[in-house]
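Dear colleague,

I am passing on a structure that you have not worked with before, and I would be grateful if you could look it over. My notes on it follow below.

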Amino acid sequence: MVEEAFLKPPHITGAYDAFNLDDLLWIARRFEVSEPLSVTPFGGRGNINLHTYEVKSGDGTFLLQKVNSEVFTMPHRVMNGMMASIEAQALALEQSKLDHHWEPIRLVPTKDGAPFLDLTDDHGWSVWRLMYFIPDSVGYRSLSELNGRPAQIALAEEVGRGMAIFSDLTSSIDPKSIDGSLPGYRDTSIYYAQFHSVMSCHRTLEAAGALLPTDPIVKGSTEQHFLVGLSDDEYAERQNDPDLKPFIELVCEQEPFTKGLWSALEAGHIRHTLIHGDTKIENFLFDAQTSKVKSLVDLDTIMPFTWLADWGDCLRSMVNVAGEKERDLSKILVDEDVYEAVARGFLTAAKEVTPAEVDLMVFAVQAITLELGLRFLTDYLRGDTYFRLSADDPADLNKVRAMVQLTLYLRLKEFAPEAERRLAKYRAG
């Protein structure tokens with residue numbers, strides 16, 4: 001006979017999201033943790049997995065989290081990628097004689113021995129995971145949180161080292177064995193197809209048909225972003241905005257350039273590897289005492305591609321001195337010393353990279369920056385259906401974001417010869 005305490009309360013369905021303390025305690029008790037338990041909202045919660053809680057038990061402190069199935073419509077893919085990454089890191093650390101001081105995320109199994117709790121039913125997805133807190137660690141949202149330029153440069157170098165360690169530790173995974181959790185993500189051809197569809201003012205799937213992906217899963221995940229959702233007047237106003245004219249021309253001119261990483265993969269010049277997919281600084285943890293990099297967390301976007309995408313996205317997010325919402329484009333500049341510090345950390349730690357990949361590092365930062373600018377631009381032109389705005393955001397925020405990223409791309413192009421010179425100091429051999 002099943003104990004009453006272990007029976008799922010009837011109101012906790014796949015569609016349920018109004019979790020109270022009793023609900024959360026019931027969920028936490030499905031995992032292998034000892035009493036007494038306490039559950040409180042987690043202060044470091046991000047913008048995606050909104051149901052994130054701190055759990056304290058007789059065994060220690062944990063993080064309880066519900067995978068956001070509105071963003072990740074196939075949460076089992078999230079967990080499969082996460083588990084593959086965790087297992088590969090743990091195995092590589094066990095076999096390695098190097099002491100990285102690296103601590104991968106660890107999952108707490110359920111009382112049934114499963115790696116995560118699946119409460120999915122006919123009403124919807126409901127996938128929960130419990131993770132050990134990584135002790136004595138600290139995170140940052142920006143280098144500006146550190147006092148003094150030397151500390152900022154040192155941490156930037158640790159970010160680069162962390163990217164290299166993560167890439168090396170997960171290099172044993174066959175990328176073909178992992179299905180990305182966000183079908184179509186990082187596919188530059190799809191982003192350009194969406195741009196062309198929006199520029200043609202397609203409002204129905206029938207009109208956009210020739211531009212839609214042929215893969216049914218990718219099509220189902222991305223098709224809504226091929227369509228314009230604005231009135232005719234507002235669409236015309238945005239498309240004919242004189243501020244945007246040079247940037248629309250820029251992304252049209254640079255389409256072959258932006259697809260360069262995919263071209264290199266298809267030609268076999270670089271490896272297909274597992275990537276993290278969201279290597280912003282806030283997803284790295286650092287030792288609270290030494291500031292040495294300790295872990296790369298938020299493993300929701302594990303996918304096959306090339307580590308150069310992680311590198312490019314990380315640099316893009318760290319070297320813009322003005323931030324992504326700056327309206328004065330003259331302030332968009334490249335922090336050259338941060339750029340070099342991240343590169344130094346990566347290249348002095350990486351063991352698995354190839355010379356052909358290193359040759360594309362400067363290019364990759366430009367390509368990923370241009371790609372994000374394209375995505376912001378397309379979203380603004382179609383009506384902000386992907387990068388959704390909050391009530392407090394200005395109506396033209398995605399326009400500003402697009403202009404910032406595309407201006408940053410131009411600055412990175414100008415900096416490219418100097419970037420190559422600086423990176424050459426750390427290349428092997």
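The lining of the largest cavity is made up, by class, of seven nonpolar residues, two polar ones and one charged one. Please keep in mind, as you read on, that this is a predicted model.

To place that cavity in its setting, a search of the whole structure turns up three cavities of 30 Å³ or more, and the largest cavity holds about 60 Å³ of space. Its lining is formed by Met163, Phe166, Ser167, Leu274, Ile275, Thr279, Leu296, Trp307, Asp310 and Phe346. If you would like to trace these residues back to the elements they belong to, helix H3 (149–169), strand E7 (273–275) and helix H11 (307–319) each supply at least two residues of the lining, and H3 gives the most, with three residues.

From the cavity I turned to the packing of helices. Two packed helices are described by the angle between their axes and the distance between the axes.

How do H11 and helix H12 (residues 336–349) pack? Their axes lie 9 Å apart, and the angle between them is about 150°; since angles over 145 degrees count as roughly antiparallel, H11 and H12 are therefore roughly antiparallel to each other. The crossing in which H11 passes H12 is right-handed. On the H11 side the contact is made by Trp307, Trp311, Leu315, Met318 and Val319, while H12 brings Val338, Tyr339, Val342, Ala343 and Phe346. The residues of this contact divide into 10 nonpolar, no polar and no charged. You may notice two names that come up in both places, for Trp307 of H11 and Phe346 of H12 take part in this contact, and Trp307 and Phe346 are also among the residues that line the largest cavity.

The second pair I looked at is helix H8 (residues 245–253) and helix H15 (residues 397–424), whose axes come within 11 Å and cross at roughly 60°, which makes H8 oblique to H15. This crossing of H8 and H15 is left-handed. Here Phe247, Leu250 and Val251 in H8 meet Met403, Leu406, Thr407, Tyr409 and Leu410 in H15, and by class the contact of H8 with H15 has seven nonpolar residues, one polar residue and no charged residues.

With best wishes

Terms used: Residues are numbered from 1 along each chain as its sequence is written. This is a predicted model: local features need pLDDT of at least 70, side-chain atom pairs count only at pLDDT 80 or more; totals for chains, interfaces and linings use all residues. Side-chain values use heavy atoms; hydrogens and water are left out. On a 1 Å grid over the protein atoms alone, a cavity is a set of points where a 1.4 Å probe fits but cannot get out, and a pocket is an open set with protein on both sides within 12 Å along at least five of seven lines; lining residues have an atom within 4 Å of a point. Grid points are joined across faces, edges and corners, and a volume is the space filled by probe spheres set on the points. Helices (H or I, at least four residues) and strands (E, at least two) are DSSP runs, numbered from the N terminus. Ala, Val, Leu, Ile, Met, Phe, Trp, Tyr, Cys and Pro count as nonpolar, Asp, Glu, Lys and Arg as charged, and the others, Gly among them, as polar. Axes are lines fitted to C-alpha atoms, for helices over the stretch in contact, and angles run from 0 to 180 degrees between N-to-C directions. Angles under 35 degrees count as roughly parallel, over 145 as roughly antiparallel, 65 to 115 as roughly perpendicular and the rest as oblique. A crossing is left-handed if the near helix is turned anticlockwise from the far one by less than a right angle, and right-handed if clockwise. Contact means heavy atoms within 4.5 Å.
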